[in-house]
Amino acid sequence: MELLPCRLSIDDLDRFVARLGEIGDTHGATIQAFDARYVAGEAHLRRAVELADRAIARKEAIARDRAVEILLYAAGRRQIDRALEMGVGEGECDAVVLIDGGDEAGALTDLGGLDAFVGDREAMGGDEATIERFFEITAAERAATDAVFEDLVRERVALLVVEK
């Protein structure tokens, strides 16, 4: 798995998503772009990939497309329309692009050539307050555990499996 923290400027979301799919197909990779505000670090996305792959292998996937299944797990939501909030949208935004499988290096090179990529980013994720709201992590929940914040987010990702 490769992660590309970046700044995007997207004029046409459908065209951008289609281009990600084309690059992924060319390199045998799955590519998904996330709004960086809702990413709680690399382990968050790595866990989403693991659980999505497990659901696909067990024929329990919610979505027909692996990239969408990864998005569902990363967002901790079963409904695609609700999970799309964690995806990128039109306009400028900080993002994290995930590339998994196939020729990841080749896909990464091709992604860097897209007009939508307008800058690099050092940090991978968003701030805790925004992520807390997105994943509905309460102050009481945080007070009841000594788990680090990222663990609480990964728990939300893992709970998608049991929320049927």
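**Close-up views of a predicted model**

**View 1. K59, a loop residue with an unusual phi.** K59 sits in the loop that runs between α2 and α3. This is a predicted model, so treat the angles here as model values. Phi of K59 comes out near 60°, a positive value in a residue other than glycine. For context, most residues other than glycine have a negative phi. Is K59 buried or exposed? With 76% relative accessibility, K59 counts as exposed.

**View 2. E136, another loop residue with positive phi.** E136 belongs to the loop between α6 and α7 (139-143). Its phi is near 55°, again positive in a residue that isn't glycine. The relative accessible area of E136 is 57%, so E136 is exposed. E136 also turns up in the contact list of R156, which is the subject of the next view.

**View 3. R156 and what it touches.** R156 is part of helix α8 (residues 149-159). Although it is an arginine, R156 is buried, at 17% relative accessible area; the cut-off for buried is under 20%. Which residues does R156 contact, once neighbours within four places in sequence are left aside? They are G76, F135, E136, I137 and E141. For F135 there is a distance to look at: its backbone oxygen lies 3.0 Å from a polar atom of the R156 side chain. G76, also on that list, comes just after α3 and takes a positive phi of about 65°.

**View 4. Helix α3 and its surroundings.** Eight of the ten residues of α3 are buried, so the helix is largely enclosed by the rest of the structure. The buried ones are A67, E69, I70, L71, L72, Y73, A74 and A75. What covers them? The cover includes β2, α2 (42-57), α4 (80-83), β3, α6 (128-135) and α8. At the N-terminal end, D65 acts as the cap of α3, with a side-chain oxygen 3.0 Å from the backbone nitrogen of A67.

**View 5. R47 on helix α2.** R47 has its place in helix α2. At 30% relative accessibility R47 is partly exposed. Setting aside neighbours within four places in sequence, R47 is in contact with R154, V157 and A158. The C-alpha atoms of R47 and A74 are 7.9 Å apart, with their positions 27 residues apart along the chain. A74 is one of the buried residues of α3.

**View 6. Strand β2 and its partner β3.** β2 is mostly covered, with six of its six residues buried. In a regular strand the side chains alternate between the two faces of the sheet. Here T30, Q32 and F34 point one way from β2, while I31, A33 and D35 point the other way, and all are buried. β2 pairs with strand β3 (residues 91-100) in the antiparallel sense, over six bridges. To find your place along the pair, look for A33, which stands opposite V97 in β3.

**View 7. Strand β1 with β3 and β4.** Strand β1 (residues 2-10) runs antiparallel to β3, and nine bridges join the two. R7 stands opposite D94 in β3. β1 is also joined to strand β4 (residues 117-120), with three bridges, again antiparallel. How do you spot that pairing? Look at C6, whose bridge partner in β4 is D120.

**View 8. The largest pocket.** Rolling a probe the size of a water molecule over the atoms shows where empty space is left. The largest pocket has a volume of about 420 Å³. The lining is made up of 20 residues, and V17, I31, Q32, A67 and V68 lie nearest the centre. Which elements give two or more residues to this lining? They are α1 (13-27), β2 (30-35) and α3 (66-75). The largest share, seven residues, comes from α1. By type, the lining divides into twelve nonpolar, six polar and two charged residues.

**View 9. E22 on helix α1.** E22 is found in helix α1. E22 counts as partly exposed, at 42% relative accessibility. Its side chain and that of R19 are joined by a polar contact of 3.2 Å. As background, an α-helix has 3.6 residues a turn, so residues three or four places apart point the same way. Farther off in sequence is A107: the C-alpha atoms of E22 and A107 are separated by 9.9 Å, at 85 residues apart along the chain.

Conventions. Residues are numbered from 1 along each chain as its sequence is written. This is a predicted model: local features need pLDDT of at least 70, side-chain atom pairs count only at pLDDT 80 or more; totals for chains, interfaces and linings use all residues. Side-chain values use heavy atoms; hydrogens and water are left out. Helices (H or I, at least four residues) and strands (E, at least two) are DSSP runs, numbered from the N terminus. Buried means under 20% relative accessible area, exposed over 50%, partly exposed in between (1.4 Å probe, protein chains only). A polar contact is a pair of N or O atoms within 3.5 Å; within protein, one must be able to donate a hydrogen and the other to accept it, and residues adjacent in sequence count only if both atoms are side-chain atoms. Contact means heavy atoms within 4.5 Å. On a 1 Å grid over the protein atoms alone, a cavity is a set of points where a 1.4 Å probe fits but cannot get out, and a pocket is an open set with protein on both sides within 12 Å along at least five of seven lines; lining residues have an atom within 4 Å of a point. Grid points are joined across faces, edges and corners, and a volume is the space filled by probe spheres set on the points. Ala, Val, Leu, Ile, Met, Phe, Trp, Tyr, Cys and Pro count as nonpolar, Asp, Glu, Lys and Arg as charged, and the others, Gly among them, as polar. Two strands pair if DSSP finds at least two bridges between them.
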